Amino acid sequence: MSNHKQAPFPIHYFYQTFVLVVLCIPMLTGMVQVQAAEKKTQKNNSAASNKSDAKKFDEMKLTDASIWRCENNVIVKTAESSQGYLMLWNNKLYVMSKIDALRGVQRYTNDTYHLNWIEIPDKAMLFDFKIGQRVLDYCKTPELVANSPRMNQEDLMK
């Protein structure tokens, strides 16, 4: 056993720590406010970019827009442009390239976002080919809905 005694905690360390904490609290509060302001700015910029994507869509389209209503009431707008096939989904503009497909099928892709938009005679679908999943299904324009045969319960059982 050692005879070495630990020196008592000097009181001036307590006061230095207290002063340091008291001086840092306003700085930390200011940092939190700055971070909150930055998040708000990012959110506003995101909303502004979303609005600008919708505006870009309207400026770039060469044909009338087709409005597609998909499952869960998701809305997709499409139109032709000089730069490719435009798709406005989730307030984001995607420029798609046409891909040769089977007769009666329209297929468009955006490799940057890994998206495939496929239009078949009775509906359209959106695929994320990176994750290998269908993102949207049962997308129909008002014209497709009007021309679709009405299914009754008996037809569904066949």
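**Contacts and overall fold of the predicted protein chain.** Among contacts (heavy atoms within 4.5 Å) with a separation of 6 or more in the protein chain, 25% come from residues 24 or more positions apart. This is a predicted model, in which local features need pLDDT of at least 70 and side-chain atom pairs count only at pLDDT 80 or more, while totals for chains, interfaces and linings use all residues. Residues are numbered from 1 along each chain as its sequence is written, and side-chain values use heavy atoms, with hydrogens and water left out. Three helices and eight strands (DSSP runs of H or I with at least four residues, and of E with at least two, numbered from the N terminus) are present, in the order α-β-β-β-β-β-β-β-β-α-α.

**Salt bridge between Lys-56 and Asp-53.** The whole structure holds three salt bridges (a side-chain nitrogen of Lys or Arg within 4 Å of a carboxyl oxygen of Asp or Glu). In the pair formed by Lys-56 and Asp-53, the closest N and O atoms are 3.9 Å apart, and the two residues lie three apart in helix H1 (residues 11-60), about one helical turn. Lys-56 is partly exposed at 40% relative accessibility, whereas Asp-53 is buried at 11% (buried means under 20% relative accessible area, exposed over 50%, partly exposed in between, with a 1.4 Å probe and protein chains only).

**Salt-bridge network around Asp-137.** Asp-137 pairs with Lys-123, with 2.9 Å between the closest N and O atoms, and this links strand E8 (residues 133-139), which holds Asp-137, to strand E7 (residues 123-128), which holds Lys-123, across 14 residues. Asp-137 also meets Arg-134 in a salt bridge of 2.6 Å, N to O; shared partners thus join Lys-123, Arg-134 and Asp-137 into one network. Both Asp-137 and Lys-123 are buried, while Arg-134 is partly exposed, with a relative accessible area of 43%.
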